[in-house]
Amino acid sequence: METRPIIPLIIDNQDILAPHSERLGKIVNSTHKGSVFYQGATRDLAFRAAESSAKAYSMWSRVTPIQRRSLLLRLAEVLKTRAEEVKQVCCEEIHCGRLWADIITNDSIGLVEEYASLTTSVATGSIPFTQRGYGLVLKEPLGVILGIAPWNAPIILGLRAVVAPIAAGNVAILKGSELSPQTHYLLASLFREAGFPPGVLNFILHRAEDAPEIFDVLINHPAIKKCNFTGSTQVGRVIASQAAMALKPVLLELGGKNFTIVLDDADLNLAASEIIKGAFLNNGQICMSTDVVIATKSIARALENKILSILERFDASPEVISLAARAKLEMLVSDAKEKGACIHTAPLATGISPRSFPPTVVTGLTKEMKLYEIESFGPIFGISRAESEHEIMEFIEQAKYGLSSSILSKDHYRALDLARSIRAGAVHINSMTVHDEPTLPHGGYGESGWGRFGASWGLEEFVQTKLVTIHPGHPPDEIGPVRLERDHCKPQY
């Protein structure tokens, strides 16, 4: 079988391979017929990347916002030029459809351009009121930022992890995913092609079993000042715990048990269409994917019929990222069936891969079923009937995750009032749960993490506030003839 060249790390704009083929990882999910290997980081290589970033920051911190903007705009142009190649590699690695590759590539171009436009505004300070003299509030970059990106939307989430920090004047290390190493390497190489100086963006990978060791090296390196992570809640807890011990802040976008609420006045054709799109786009492997539908009892049966009618015609054959992911979905379906749910699968979706899993709708979902609480991260969702809006409110109040949600209703004021009660980072009215744009904030509540990516909100995550005060160069008594006597300074009640 054909073996492709080993995917390297990038340190100081140079491709890096460890001597003697140490710590090579094999990509297990690629559609390529031959073997594909990537270079996994060692402790020494991780330390070397951090040292390179520290050195680069001393130079990059003196680069003006206008110069950063020019480089970012150049990066956007390079990405446009290489877009077809990036999409192809992404499709090969994560088994996504062309539509998803188009979406995350086009949005990535918009993301880079948006951050380029904000490089000057993020550096803007303020002059607050002070009783004497002047106060200056400055915004300064933090230093070296560690960005840990996931595999499921590797283009936009890979860039999101590092473009905002760099736009704000930091330098960054991109820790790519072992499930999409070629896509993440390609993205990192675009910075080099766009003319970013050595060390402004370094790129590393590691094997799954080496994750604790490599993260320990990086988070405890004195040059690294903050970490952003997008991934599972379970791993996010570990990252937050270790970062806390090192007194390093983190920005976390974690899992989501995203729900759609369909009220009794909803357009059911629109609701069914948006639910299907939100659940099955990219094989349901999006942090914002629809997992649960809560429908009022009066319209639940009619909604289910419209959803199942679409499912009958659904001819896509999704592949999930791994055999373990498929096993999890099978467990959720089996558990729901044993506890009384009805299982509906797309009859035209016939996949031949071991990772294939048919688009699945579970009706009769109840609180006792694991699918009710566990994030599926695959092409499956459940429908639960609510006796009243009071029962819907109980569901909202008990939700542990809070990333995305949606409400279907013709009464916008009613929907907006309900949206205010939902503890989630986003509520989309008359649309699917999957929605994000470069100009919008993105992040979660509760077990979906904290902090925000996106536009100015994302840039504020990667600067710190400094106060400088300027005082007169003479004693206070010489300021002027007006003096307050001691008694006049007493508080009045």
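## Exercises on a cavity and helix packing

The largest cavity is lined by Lys-257, Asn-258, Phe-259, Tyr-401, Gly-402, Leu-403, Ser-404 and Ala-424. The structure is a predicted model, in which local features need pLDDT of at least 70, side-chain atom pairs count only at pLDDT 80 or more, and totals for chains, interfaces and linings use all residues. Residues are numbered from 1 along each chain as its sequence is written, and side-chain values use heavy atoms, with hydrogens and water left out.

**Exercise 1.** Describe the largest cavity by its volume, its elements and its residue classes.

*Solution.*
1. On a 1 Å grid over the protein atoms alone, a cavity is a set of points where a 1.4 Å probe fits but cannot get out, and lining residues have an atom within 4 Å of a point.
2. The search of the whole structure gives one cavity of 30 Å³ or more. The largest cavity holds about 40 Å³ of space, where a volume is the space filled by probe spheres set on the points, joined across faces, edges and corners.
3. Two or more lining residues come from each of β11 (258–262) and β16 (401–402); strands are DSSP runs (E, at least two residues) and helices likewise (H or I, at least four), numbered from the N terminus.
4. The lining has four nonpolar, three polar and one charged residues. Here Ala, Val, Leu, Ile, Met, Phe, Trp, Tyr, Cys and Pro count as nonpolar, Asp, Glu, Lys and Arg as charged, and the others, Gly among them, as polar.

**Exercise 2.** Determine how helix α4 is oriented to α3 and to α5.

*Solution.*
1. Axes are lines fitted to C-alpha atoms, for helices over the stretch in contact, and angles run from 0 to 180 degrees between N-to-C directions.
2. Helix α3 (residues 83–94) packs on helix α4 (residues 98–117) at about 130 degrees, with the axes 9 Å apart. The pair α3 and α4 is therefore oblique, since angles under 35 degrees count as roughly parallel, over 145 as roughly antiparallel, 65 to 115 as roughly perpendicular and the rest as oblique.
3. The residues of the contact (heavy atoms within 4.5 Å) of α3 with α4 comprise eight nonpolar, two polar and four charged.
4. The axes of α4 and α5 cross at roughly 5 degrees and come within 9 Å, so α4 and α5 are roughly parallel.
5. The contact of α4 with α5 includes Leu-111 of α4 and Leu-159 of α5. Its residues divide into 12 nonpolar, two polar and two charged.

Notes. 1 Å grid on protein atoms, 1.4 Å probe; cavity = no way out; pocket = protein on both sides within 12 Å on 5 of 7 lines; lining within 4 Å.
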